[in-house]
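These entries record what I looked up in the structure shown below. I kept them in the order in which I consulted the model.

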Amino acid sequence: MGEEEGSESEEDELKPRGLTGMKNIGNSCYMNAALQALSNCPPLTQYFLDCAGLVRTDKKPALCKSYQKLISELWHKKRPSYVVPTHLSHGIKLLNPMFRGYAQQDTQEFLRCLMDQLHEELKEPLMECVGGSGESSDGEERLDGERSPAEDDFLSCDSGSNSEAGNCGGGDGEAPPQGERDVADGPLGGGISEKERLKDRRVSGSPLRGPSQDMDEDADVDTAVSQAADGEEDTAQDAEGQRRENNQRQEGNAILQADNEATTPCPQSTPCSPVRNLQELHAKLASTPPRSSPLRSAGASYPFKKAQLLLSSRKKKHSHYRSVISDIFDGSILSLVQCLTCDRVSTTVETFQDLSLPIPGKEDLAKLHLSIHQNLPVKTNVCPDSYGSQGWISFIMDSIRRFVVSCIPSWFWGPMVTLEDCLAAFFAADELKGDNMYSCERCKKLRNGVKYCKVLRLPEILCIHLKRFRHEVMYSFKISNHVSFPLEGLNMRPFLAKDSPSQVTTYDLLSVICHHGTAGSGHYIAYCQNVINGQWYEFDDQYVTEVHETVVQNAEAYVLFYRKSSEESVRERQKVVALASGKEPSLLQFYISREWLNKFNTFAEPGPIANRTFLCHHGGIPPNKYNYIDDLVVIVPQNVWEYLYNSFGGGPAVNHLYVCAICQVEIEALAKRRKAEIDTFIKLNKEFQAEEAPGVILCIGMQWFREWETFVKGKDNEPPGPIDNSKIGVIKGGHVQLKQGADYGQISEETWQYLLGIYGGGPEIAVRQTAVPPDPDGLHGERKIEAETRAL
């Protein structure tokens, strides 16, 4: 009997999981295809399966909980034939009205909305001290509003909803509603104009995160003396894009150019490490650990311009956030704009979560291939327009393939386009001339320029979105050209910046979402590779069918998910499994972050050990995390810790868990401060409301007040900075007056002085001053003059 049970358990382990379909609940194929593609991304799925205790949130609608439940059902050993994603669908509809009803939507927009919310619910702050104003390489300090209009256009983030916005690929018989549209200048399959290319080449930012927390460096690099390559090395040193904190998705409008470096042949990629090894590692390592038991004042008067300068240039602690979503999908791009007159280069680092690639037409392909084979840069030593030679063997194979395809009528197949062509078109340099001239800060006038950029940091999973849908003013159409894509060995090194820290640059395909139909109607399906047996499957709503890889290669790809491929990471895991299996007892045991261990099991580049995820800056356990510390850590033996620490660095080493007494005191003091501030405000505001004719009414900016309210109510642990009234005031006649239509609130003079004494800032803006009492002598003189006038 025991042998039979043992054989059944072995069969369950070998039986592929994750092959559960999803029922269509009313034109929901766009959602089902996106969820299946994400479900077959091992780093994300393993996090929700193995780190379930980390999925905590108090934010509505708790989409991470719904997604975790869905993933558990999809990957259960005793899987059903299909599941109904009702809870997740309901949560998405609460977040975004666009997904309400039963109309067909765009799967890419759904992906962005879902991942934005997952990040928002799972994010954790990383405190850093950053300056409020950027400093250019020329030594010029820039304040908000000093950027030129043309540069603003370059640095702004334009939402991905512009290209396939809202509903770019209608499906299941529903026509997409009209939203913001890209306007194509040519017919289907024809050339794309220069102006269209400028609009189309966008970095899909992770816009999620508020008023642009990207590290925007507008560095002015003088390339007249030194080569631009040296300038790039100087400006790319500190570049590390950070995630934006906003619930609405935007897309960077950066125009990019690739490195003109000769690329090495793609190394042979290996399949994902066996799941059995990962499970053995968790079984060996996972166990339950034992437990042991300024106030600033400022004057009432505050000059307006001085307030603006100080508030814009002050340094304060900003909360930069990270989550499992940003760890897996976030990359960064170094964008550059060069003035062709003075050679000034402005650089910007932007974060992207996916790349929206144009599909080049015949004319664009000809230009790209000409620049590749002739190795022609746009400007010498600055921005070569090439994605590198692929070696003579690859060149011959590519020529044969193109010849075979060319024998097929173009009306049947269309121009032969590869994914590398789309990447090259995306990263190609663009000339800024005519209506798109660059406003140079050094020349102080419009100049011809060049826009280009390179990938600074590659993500663990690269999401690529092909822009198949175009929307004219009166109609929409779909670009149905076949785009060939590799199943293994996608090499991103040709598009990498020289100072990029990314070591692994090859990717293997995980899943691809396809759209069948037209711009007005159609259907979404997904092809995904199962991580357990390596086979490809078609996910068509509730139907899951095994397919050959040639079916996948011939698919009309719309969204592709690629994962970093590294043989070294597989060997590292095997070594750790062998060390953990050793029978020699360990004198010391170490605690390691469960989240980082999941990265080690699933990432090609897990980075240094990050035990700070469960420690405070004093080295103890934060009081608010101590109750569920078992979910945050895993015990490893000494030999495993030493191997991981020597291989990856990081830390710190933790042998003992204890509640941090300092943090406990700080939490209690913070609670007292919050209570005192909110009680005092309520008291002063009641007195203010009881006054029938207050002598003075002062104004306070509601943006700052909302930040303060969030702090005193315990929703944010970081207090607001100085009071900022600069946005609600204007200078008239040498005095600061309230700006018309400003977002402000009215408070009493006592309340103003109380808040000013704690936070400082300004300026003081009054809407009703105290009336000056009349002079008795002057009043008597007026009456005397009036009496004399009547007598006359």
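**Entry 1. Aromatic pairs.** I searched the whole structure, a predicted model, and the search returned 19 aromatic pairs. I first examined Phe426 and Phe427, whose ring centres lie 5.1 Å apart with planes at 75°, so I recorded this pair as edge-to-face. I noted Phe426 as buried, and Phe427 likewise.

I then turned to Phe590 and Trp641. Their ring centres are 5.3 Å apart and their planes stand at 5°, so the pair is stacked. I asked which elements hold the two residues of this pair. Phe590 belongs to strand β26 (residues 589-593) and Trp641 to helix α21 (residues 638-648). The two residues are 51 residues apart, and I therefore listed the pair as a link between distant parts of the chain, under the stacked geometry already noted. Phe590 and Trp641 are both buried.

I also found a cluster in which ring pairs join Tyr30, Phe99 and Phe110.

**Entry 2. Charges over rings.** I next looked for charged side chains placed over aromatic rings. Arg56 has its charged end over the ring of Tyr628, at 3.8 Å from the ring centre. Lys123 lies over the face of Tyr321, and here the distance to the ring centre is 4.2 Å.

**Entry 3. Peptide bonds and backbone angles.** Most peptide bonds are trans, and most residues other than glycine have a negative phi. I therefore wrote down departures from this pattern.

I recorded a cis peptide bond from Lys60 to Pro61, with omega near 5°. Pro61 sits in the loop that runs between α3 (42-50) and α4 (63-74). A cis bond also leads from Gly762 to Pro763, with omega near -5°. I located Pro763 in the loop between β35 (761-762) and β36 (766-768).

For phi, I noted Asn27, which is not a glycine yet has a positive value of about 55°. Asn27 is placed in the loop between β1 (21-22) and α2 (29-39). Lys444, also a residue other than glycine, has a positive phi near 60°. Its loop lies between β13 (438-440) and β14 (445-447).

Is each of these residues buried or exposed? Asn27 has a relative accessibility of 12%, so I entered it as buried. Lys444 has a relative accessible area of 64% and is therefore exposed.

**Entry 4. Surroundings of Asn40.** I located Asn40 in the loop between α2 and α3. Its relative accessibility is 3%, so it counts as buried. Which residues does Asn40 touch, leaving aside those up to four places away in sequence? I listed Thr45, Trp75, Leu510, Cys528, Gln529, Asn530 and Phe539.

**Entry 5. Confidence.** I closed by checking the predictor's confidence. The chain has an average pLDDT of 74, and 65% of the residues score at least 70. Over residues 1-8 the pLDDT stays under 50, and I found zero contacts beyond four places in sequence for them in the model. Residues 309-317 also keep a pLDDT under 50, but for this stretch the model has 25 contacts beyond four places in sequence. Predicted coordinates should not be read in detail where pLDDT is low.

Methods: Residues are numbered from 1 along each chain as its sequence is written. This is a predicted model: local features need pLDDT of at least 70, side-chain atom pairs count only at pLDDT 80 or more; totals for chains, interfaces and linings use all residues. Side-chain values use heavy atoms; hydrogens and water are left out. Rings of Phe, Tyr and Trp (its six-membered ring) pair if their centres lie within 6.5 Å; planes under 30 degrees apart count as stacked, over 60 as edge-to-face and the rest as tilted. Buried means under 20% relative accessible area, exposed over 50%, partly exposed in between (1.4 Å probe, protein chains only). Helices (H or I, at least four residues) and strands (E, at least two) are DSSP runs, numbered from the N terminus. A charge sits over a ring if NZ of Lys or CZ of Arg is within 6 Å of the ring centre and within 35 degrees of the ring normal. Contact means heavy atoms within 4.5 Å. pLDDT is the predictor's confidence in each residue, from 0 to 100.
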